[in-house]
Amino acid sequence: MSLVARHLEENGLATVIVGSARDVVEECGVPRFLFSDFPLGNPCGKPWDVPMQQAIMNMALDLLESAWTPRTTVQTPFCWDNDDWRDNFMRVDDTNREVLAKEGEARRKFQAEMKKGQ
Amino acid sequence: MYKRRQHRSFVSYIDRSREYYAAQGYEKPYAWPHYDAVPFAPLSKPLAQSRVGLVTTGEKPDPSGTITMEVLLGREAYAEPMDPPPQSLSTDLLFWDKEATHTKDINSFLPVNQLNGAVAAGRVGSASARYYGIPTDYSKSRTLDRHAPQILKWCREDGVDAVILTAL
């Protein structure tokens with residue numbers, strides 16, 4: 001997504017990325033980024049929360065209008081209901097190491113079969 | 001009252017995914033794109049006179065309403081009408097936090113209705129006739145050489161002045 005934003009911007013279109021993977025977007029380097037510190041999946045606001053969703057749209061429009069320099073990140077004021085997701089997402093520990101290794105093996109097998117079929 | 005944290009609050013997906021895929025037996029970590037220089041294009045006209053487009057990483061469902069891994073691996077950018085607003089997109093095989101949340105409300109990841117609201121309020125001149133979808137491709141060269149130029153072409157065809165990209 002960041003690469004697409006950069007391409008549009010290089011060709012004269014103003015862009016704003018709305019998302020939650022802060023390190024991925026900032027590491028790439030984009031002109032404008034509206035960040036919500038949410039689990040991945042709902043960059044435009046919590047499901048069914050219309051006032052929050054409209055507020056985030058308005059902040060994205062504000063950023064389009066007001067940023068004067070690239071790498072401008074603005075964080076929305078919204079918080080998720082709890083912090084559990086921060087540690088749970090893609091967690092690797094002794095309870096799931098074996099399962100993950102097996103999943104990887106199965107995935108590589110599937111990918112090899114896909115390649116053969118091409 | 002402040003909270004006490006020994007680490008930064010926001011999740012590093014670069015760190016997290018590297019450790020996760022290493023645990024799955026992938027030996028070579030994914031190399032994320034990094035640029036020192038960042039382009040910047042100011043709005044070419046006031047927002048109230050601008051046409052705004054939307055880009056999503058959500059996937060257009062196939063006619064059966066589902067998406068398979070085979071389709072996902074070979075998918076291309078797409079453009080679809082904004083009117084009537086889409087009711088749902090396929091996200092099942094995409095990378096997001098399926099334990100913490102859900103994507104049953106399309107407005108939580110593709111803001112067609114919010115953009116229409118901003119147009120109705122006079123804040124934005126108009127919405128593009130189409131929204132655009134891009135695959136979150138493992139291949140950076142496919143994104144740069146195929147998908148990004150295609151999105152630009154559609155934006156130009158639709159007279160788009162500014163773009164909001166919402167990443168799942």
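Student: Where in chain B does B:Pro84 lie?
Tutor: Keep in mind that we're looking at a predicted model. Going by the elements of chain B, B:Pro84 falls after one strand and before a helix. The spot is the loop between β2 (78-81) and α3 (112-120) of chain B.

Student: And what form does the peptide bond from B:Asp83 to B:Pro84 take, cis or trans?
Tutor: Most peptide bonds are trans. Here, though, omega is near 0° for the bond from B:Asp83 to B:Pro84. That bond is cis.

Student: Back to basics on chain B: in what order do the elements of chain B run from the N terminus on?
Tutor: You've got 4 helices and 5 strands to place in chain B. Start at the N terminus with a helix and finish on a strand. The order is α-β-α-β-α-β-β-α-β.

Student: What share of the contacts in chain B with a separation of 6 or more comes from residues 24 or more positions apart?
Tutor: Some background on chain B: its C-alpha trace spans about 50 × 50 × 35 Å along the principal axes, and buried residues make up 32% of its 168 residues. For the contacts with a separation of 6 or more, the share from residues 24 or more positions apart is 75%.

Student: Now chain A. Is chain A more spread out than a compact globule, and what is its radius of gyration?
Tutor: Chain A has 5 helices and 3 strands, in the pattern α-β-α-β-α-β-α-α. For 118 residues the globule rule gives 13 Å, and chain A is well over that, so it is more spread out than a compact globule. Its radius of gyration is 19 Å.

Student: How many residues of chain A are in contact with chain B, and which element gives the largest share of that side?
Tutor: On the chain A side, 61 residues are in contact with 66 residues of chain B. Several elements supply at least two residues each, including β1 (14-19), α3 (50-66) and α5 (97-117) of chain A. The largest share is 8 residues, and it comes from α1(A).

Student: How do the residues of the side of chain A that touches chain B divide into nonpolar, polar and charged?
Tutor: Sort that side of chain A by residue type and you get three groups. The polar and charged groups hold 14 each. The nonpolar group has 33.

Student: Which strand of chain B pairs with β1(A), and which residue is the bridge partner of A:Val16?
Tutor: β1(A) pairs across the chains with β5 (residues 162-166) of chain B, in the parallel sense, over 5 bridges. Follow A:Val16 over into β5(B) and you land on its bridge partner, B:Ile164.

Student: Within chain A, what is the hand of the crossover from β1(A) to β2(A)?
Tutor: The two strands run parallel and are joined by 3 bridges; in β2(A), A:Val18 has A:Leu34 as its bridge partner. The chain gets from β1(A) to β2(A) through α2(A). This β-α-β crossover is right-handed.

Student: What about the crossover from β2(A) to β3(A), right-handed or left-handed?
Tutor: These strands also pair in the parallel sense, over 4 bridges, with A:Arg32 standing opposite A:Thr72 in β3(A). The path from β2(A) to β3(A) goes through α3(A). This crossover is left-handed.

Student: Which element gives the most to the largest nonpolar core?
Tutor: In soluble globular proteins, nonpolar side chains tend to be buried together. The largest nonpolar core here has 57 residues, and those with the most contacts inside it include A:Val18, A:Ala60 and B:Leu165. A:Val18 itself touches residues of both chains, among them A:Ala60 and B:Leu165. With 7 residues, the element that gives the most to this core is α3(A).

Student: Why does A:Arg71 count as partly exposed?
Tutor: A:Arg71 sits in the loop between α3 and β3 of chain A, and its phi is positive, near 65°. To count as partly exposed, a residue needs a C-beta neighbour count between the cut-offs of 12 and 20. A:Arg71 qualifies because its count inside 10 Å is 14.

Student: What is phi of A:Met90?
Tutor: Most residues other than glycine have a negative phi. A:Met90, in the loop between α4 and α5 of chain A, counts as partly exposed with 18 C-beta neighbours inside 10 Å. Although A:Met90 is not a glycine, its phi is positive, at about 55°.

Conventions
Residues numbered from 1 in each chain as written. Chains lettered and ligands numbered in written order. Predicted model: local features only at pLDDT ≥ 70, side-chain atom pairs only at ≥ 80, totals over all residues. Rg over C-alpha atoms; globule rule 2.2 N^0.38 Å. Contact = placed C-beta atoms within 7 Å. Nonpolar A, V, L, I, M, F, W, Y, C, P; charged D, E, K, R; others polar. Pairing = 2+ DSSP bridges. Core = buried A, V, L, I, M, F, W, Y, C linked by C-beta atoms within 7 Å. Right-handed = clockwise from strand over helix to strand, strands pointing away. Lists of a residue's contacts leave out its neighbours within four places in sequence.
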